[in-house]
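Here are some notes to read alongside the model, set out as numbered points. Please keep the structure open and find each residue as it is named.

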Amino acid sequence: MYRKYVKSTADFIFALFTIVLFLPVFLIIILLILIFDGFNPFFIQDRVGKDACSFRIYKFKTMNDKTDFEGKLLKEDLRVTPLGRILRQSGLDEIPQLFNILKLEMSFIGPRPLPVYYIDLENELQRDRHRVLPGITGLAQITGRNSLKWPQKYRLDNYYIENQSFWLDFKILLKTLLSSNGYDALNFENVIPEKNAE
């Protein structure tokens with residue numbers, strides 16, 4: 001019942017409430033990006049969602065489009081703007097995804113949606129992560145995010161899907177809010193029973 005009805009309803013209501021509450025923050029960030037970076041405040045990209053259907057994810061743009069002498073984009077680290085770095089460290093670059101939740105394309109908690117070109121690289125087991133809505137934060141994000149190797153991320157995603165519950169979602173949300181930047185590498189192994197650990 002929680003997975004089918006309660007979670008989606010709670011996601012929608014909480015997303016709507018959060019958007020209204022943080023509307024001034026939205027507007028301030030948009031103005032700051034326009035003033036200091038001078039480009040479109042929004043980053044939009046096709047991602048893989050539930051049932052492997054693609055959707056357009058919304059984020060605040062944190063990188064410029066500078067290229068080298070051959071016209072190729074510079075490395076990511078060289079394109080992140082000072083304001084973008086602050087937005088990334090605080091997790092505020094992700095808040096436009098509240099609109100993805102209102103569109104029923106995402107949830108607050110779930111596996112992170114990957115760009116569509118990753119779908120061809122996934123095996124059958126890895127595609128299991130598409131059985132649920134992708135999330136703004138998830139078990140893999142609070143356990144180490146980019147410090148994890150792909151097999152570890154998939155293992156955590158699959159564990160979450162098989163054990164999804166109100167209490168697990170509550171713990172993930174609480175860990176996300178209490179971490180210093182929203183995505184700290186926290187020790188979350190105690191959530192996973194010993195027999196499932198690698």
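1. In this predicted model, a good place to begin is Phe108, whose contacts, once neighbours within four places in sequence are left aside, are with Asp11, Phe14, Ala15, Leu98, Ile101, Gly135, Ile136 and Thr137.

2. Phe108 also belongs to the largest nonpolar core, which has 29 residues, and is one of those that touch the most other members, together with Ile33, Phe60, Leu98, Ile101, Tyr160 and Ile172. The element that gives the most to this core is helix α7, covering residues 150-163, with 4 residues. Leu98 and Ile101 are worth finding twice, since they appear among the contacts of Phe108 and again among the core residues that touch the most other members.

3. Turning to helix α4, which covers residues 82-90, you will find that Leu83, Gly84 and Leu87 are buried. These buried residues lie on the same side of α4, because the arc they cover around the axis is only 100°. The exposed residues Pro82 and Ile86 are carried by the face of α4 that is turned away from the buried side, and I would suggest looking at the two faces in turn.

4. What lies over the buried residues of α4? The cover includes α2, residues 23-37, and β2, residues 54-60. Just after α4 comes Gly91, which takes a positive phi of about 80°.

5. The structure holds 1 cavity of 30 Å³ or more, and the volume of the largest cavity is about 30 Å³. Its lining is made up of Val48, Gly49, Pro111, Arg129, His130, Val132, Leu133 and Pro134, and sorting these residues by class gives 5 nonpolar, 2 polar and 1 charged. As general background, a probe the size of a water molecule, rolled over the atoms, shows where empty space is left.

6. For the chain as a whole, the secondary structure comes to 8 helices and 4 strands, and the order in which they follow one another along the sequence is α-α-β-β-α-α-α-β-β-α-α-α. The chain has 198 residues, of which 43% are buried.

7. How much of the contact between residues at least 6 apart in sequence joins residues at least 24 apart? The share is 65% of such contacts in the chain, and a reader can keep this value in mind when going back to Phe108, which is in contact with Asp11 and Phe14 as well as with Ile136 and Thr137.

Conventions
Residues are numbered from 1 along each chain as its sequence is written. This is a predicted model: local features need pLDDT of at least 70, side-chain atom pairs count only at pLDDT 80 or more; totals for chains, interfaces and linings use all residues. Side-chain values use heavy atoms; hydrogens and water are left out. On a 1 Å grid over the protein atoms alone, a cavity is a set of points where a 1.4 Å probe fits but cannot get out, and a pocket is an open set with protein on both sides within 12 Å along at least five of seven lines; lining residues have an atom within 4 Å of a point. Grid points are joined across faces, edges and corners, and a volume is the space filled by probe spheres set on the points. Ala, Val, Leu, Ile, Met, Phe, Trp, Tyr, Cys and Pro count as nonpolar, Asp, Glu, Lys and Arg as charged, and the others, Gly among them, as polar. A nonpolar core is a set of buried Ala, Val, Leu, Ile, Met, Phe, Trp, Tyr and Cys residues joined through side-chain atoms within 4.5 Å. Buried means under 20% relative accessible area, exposed over 50%, partly exposed in between (1.4 Å probe, protein chains only). Contact means heavy atoms within 4.5 Å. The arc is that of the directions from the helix axis to the C-beta atoms.
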